[in-house]
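Subject: Handover of the model, with notes on pockets, core and selected residues

Hello,

Here is the structure for your work. Please open it alongside this message.

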Amino acid sequence: DQADRLLLAEEKFPDAFGQALSLYRQASIAQPEAALPYLRIAGVCLVLGNGTKEKHNSLQWFQQGEQAAQQAVRLQENNADAHFFLAANRGNVVNLLAFWKVSPTVLADLEEHLLRALALEPRHSRASHMMGMVLYRTPAPLRLLLTGKRDQVESYLLRAVESDPNFAEARLDL
């Protein structure tokens, strides 16, 4: 609860997020079989990675978020947020690595987690948005690895905006 309150103090970014992360890590040690602390860690790492200007620091945050999300998926496979955070953190890791260090099959992995999140929670705005952007930004030759098609981009973005009308990034991308 204390960590959740710290996250609401956005004017103290990133210090409050670092404190919250420490509390979530303590909770994950105290309750290693609970998925919630790992979900929170993955979410905070995603925000910290996006809020850092240095590529190396961003990569470290996203990698930590990816590991936490993997643990959350292992503990609670039927959690849409766990699948979304895994895809989001992993996607950011991939974007920061040199292309020759990344397997092309990672796109299919991202799509799998996003589709799982949407199967569990069809109105998951962030998963819908990311799915639309994966289909939109994936180059044509690599799109063959995906089950989704480019003509579905608009429907995913529309679903994201309908699910959360205040989701500015989804509105802009639409």
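The notes below cover the pockets, the nonpolar core and a few single residues.

**Ground rules**

This is a predicted model, so to read it: local features need pLDDT of at least 70, side-chain atom pairs count only at pLDDT 80 or more, and totals for chains, interfaces and linings use all residues. Numbering runs from 1 along each chain as its sequence is written, and side-chain values use heavy atoms, with hydrogens and water left out.

**Pockets**

The largest pocket has a volume of about 800 Å³. A pocket here is an open set of points on a 1 Å grid over the protein atoms alone, where a 1.4 Å probe fits, with protein on both sides within 12 Å along at least five of seven lines. Lining residues have an atom within 4 Å of a point. Points are joined across faces, edges and corners, and the volume is the space filled by probe spheres set on them.

The largest pocket is lined by 23 residues. Closest to its centre are Asn 92, Asn 95, Met 130, Met 133 and Arg 137. Two or more lining residues each come from helix 3 (36-50), helix 5 (80-96), helix 6 (106-120), helix 7 (125-137) and helix 10 (168-173). Helices are DSSP runs (H or I, at least four residues), numbered from the N terminus. By class, the lining of the largest pocket holds 13 nonpolar, six polar and four charged residues. The classes are: Ala, Val, Leu, Ile, Met, Phe, Trp, Tyr, Cys and Pro nonpolar; Asp, Glu, Lys and Arg charged; the others, Gly among them, polar.

The second largest pocket holds about 380 Å³ of space. Its lining has 15 residues, with Leu 7, Gly 43, Val 47, Phe 85 and Arg 126 nearest the centre. Helix 1 (2-8), helix 2 (15-30), helix 3 and helix 5 each give two or more residues to this lining. The largest share, seven residues, is from helix 3. This lining divides into nine nonpolar, one polar and five charged residues.

**Nonpolar core**

The largest nonpolar core has 45 residues. Such a core is a set of buried Ala, Val, Leu, Ile, Met, Phe, Trp, Tyr and Cys residues joined through side-chain atoms within 4.5 Å. Buried means under 20% relative accessible area, exposed over 50%, and partly exposed in between (1.4 Å probe, protein chains only). Phe 84, Phe 85, Leu 114 and Met 130 have the most contacts inside this core. Helix 5 supplies its largest share, nine residues.

Met 130 also sits among the residues closest to the centre of the largest pocket. Leaving aside neighbours within four places in sequence, Met 130 is in contact (heavy atoms within 4.5 Å) with Phe 84, Ala 87, Ala 88 and Leu 114.

**Single residues**

The contact lists below also leave out neighbours up to four places away in sequence.

- His 124 is in the loop between helix 6 and helix 7. His 124 is buried, at 5% relative accessible area. Its side chain makes a polar contact with the side chain of Asp 81 (2.7 Å). A polar contact is a pair of N or O atoms within 3.5 Å; within protein, one must be able to donate a hydrogen and the other to accept it, and residues adjacent in sequence count only if both atoms are side-chain atoms. His 124 is in contact with Ala 80, Asp 81, Phe 84 and Leu 118.
- Leu 118 lies in helix 6 and is buried, at 6%. Its contacts include His 124, Tyr 156 and Arg 159.
- Thr 138 is in the loop between helix 7 and helix 8 (140-143). Thr 138 is buried too, with a relative accessible area of 5%. A polar atom of its side chain lies 2.5 Å from the backbone oxygen of Val 134. Thr 138 touches Leu 107, Arg 143 and Leu 146.
- Asp 173 is in helix 10. Asp 173 is partly exposed, at 29%. It touches His 129, Met 133 and Leu 157. The C-alpha atoms of Asp 173 and Leu 157 are 7.4 Å apart, with their positions 16 residues apart in sequence.

Regards
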